[in-house]
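Good morning, colleagues. I would like to walk you through one structure today, beginning with an interface and ending with a sheet.

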Amino acid sequence: MENPTTSKVVLLACGSFNPITNMHLRMFELARDHLEDTGHYSVIKGIISPVGDAYKKKGLIEASHRVEMARLATESSEWITVDSWESQQSDWVETSKVIRHHYEELLAREHNRDDVDTVKYTKKRRIEENYIASSVHHRKRDGPQLMLLCGADVLESFGIPNLWKQEDIAEIVGRYGLVCVTRSGGDPHKFINQSDDLWKYRKNIHVVHEWVTNDISATHVRRALRRGRSVRYLLPESVVRYVQEHSLYSAESEQKNADVVLAPFQKYSDASTSG
Amino acid sequence: MENPTTSKVVLLACGSFNPITNMHLRMFELARDHLEDTGHYSVIKGIISPVGDAYKKKGLIEASHRVEMARLATESSEWITVDSWESQQSDWVETSKVIRHHYEELLAREHNRDDVDTVKYTKKRRIEENYIASSLSPLSLCSDGPQLMLLCGADVLESFGIPNLWKQEDIAEIVGRYGLVCVTRSGGDPHKFINQSDDLWKYRKNIHVVHEWVTNDISATHVRRALRRGRSVRYLLPESVVRYVQEHSLYSAESEQKNADVVLAPFQKYSDASTKTES
């Protein structure tokens, strides 16, 4: 039911997806319902982008498994997809770069649809690149928007020192947009209010309240698996089977990277010391 | 991995299942893990028994749909099943009667397995019936016989305190003779509730409290509300159930008004009973 006056939106979710759970999938559904309910947006696609192994998070298992589980989980969805670009990079990639990468792909696809003339295309592209580089305001009105989809915990992680670069936060909320799915009890509005950066771009931050408390955290799921407990009905069936077939998630896998520094901390403290 | 010293257990869940959700299904999984973890039990089967339409709960849609959705939801499970006996009764059936019905079926199946001699069977049965009728001690009758336990959430346990919803003797029979497995989320305090009730405290050994660490409040009420508002319920229910709901356009503002002006069956029954005793 596409209204010609609505903006097309693609939702991008970055994260460990270690493993993907029904809660992650719910997040997409809730976000889409919320945005379309405003009457201003039409959500055309969802992208799950599992983080690369170089992120070095404790307990993070191989990207190949995490990508495959996400693929199984979204196989039956008509609009949610998985992208492995980020997971295939040898170094950790900042979220802002992942967003930029996907936005450029999105634009390219739009151009291919509109315009076969390569001269016009190149010129249009150069204009847009300059536009993107110079402006913190939105894209072309009729172009699709790419918004970062996340939970309240990610929004609040903006406040953790050395986890994000301030200019990246500004770019994500200023240029793209954020859809933050929160459960009752959290208070993202308060957090937004207390941050000048976030408050400035509050119109680009869409807070979605999840009334059905659904805290199926991947951490709990991994713990249950370590203890030989059932995780059925917390994850899609095909993912439960995959986990069993490959014996993923043990006390051993949870110790991966236990003595290694998380990539962003490593990167940003290196930067500050070499400064 | 069946340990010969464990008792066989069948879990029975009664409820509206209006509709069935992933939370209901999780309840079974959690209960089984918990009981087997004690080393004393082996859970051999789960039974979902949707309540009949005569329960007259507000927003309760036709039993045929509720049973079918539960069937779809459990199709891929190797141990959880659906039973439609309760839903097919024309009057509302008290939970204690549903348990008794299923327990008798369970015994009958065990006997058919052990004993083809009808004389011995009849005698054994008569002994047991007398035992059941006269005693309130836990029924692990032949101690190699299976136990039937009622599986529920903390809300059901706490509903034991609502006047005229349960008969006191039924509560005593359920916890005294059969057993209760109560799955609760962090925040609830079933232990306190058990402590504050003499009946429950007496049979506390038969009440197994299972803590659900993964907060998973997918209440059917919320699901119905989301559906009324045209919102997605994907990933809250099994996919086959989501499809069924869509195909049959179940759950609207209209369906939620069903029984809005009718008294819930237990309240009707027990207040009728109390007014009758006066005369």
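**The interface and the sheet**

Between chain A and chain B, the rule finds four salt bridges across the interface, a salt bridge being a side-chain nitrogen of Lys or Arg within 4 Å of a carboxyl oxygen of Asp or Glu. One of the salt bridges joins the side chains of A:E78 and B:R234, at 2.8 Å from N to O.

The model is predicted: local features need pLDDT of at least 70, side-chain atom pairs count only at pLDDT 80 or more, and totals for chains, interfaces and linings use all residues. Residues are numbered from 1 along each chain as its sequence is written, chains are lettered from A and ligands numbered from 1 in the order in which they are written, and side-chain values use heavy atoms, with hydrogens and water left out.

In contact (heavy atoms within 4.5 Å) are 24 residues of chain A and 24 residues of chain B.

Let me turn to the sheet. In chain A, six strands (DSSP runs of E, at least two residues, numbered from the N terminus) form an open sheet with parallel pairing, in the order β3-β2-β1-β4-β5-β6; two strands pair if DSSP finds at least two bridges between them. At the edges stand β3 (80-82) and β6 (205-210) of chain A, each pairing on one side only.

Within this sheet, four bridges join β4 (residues 145-151) of chain A to β5 (residues 178-183) of chain A, and the two run parallel. Here A:L148 stands opposite A:L178 in β5(A).
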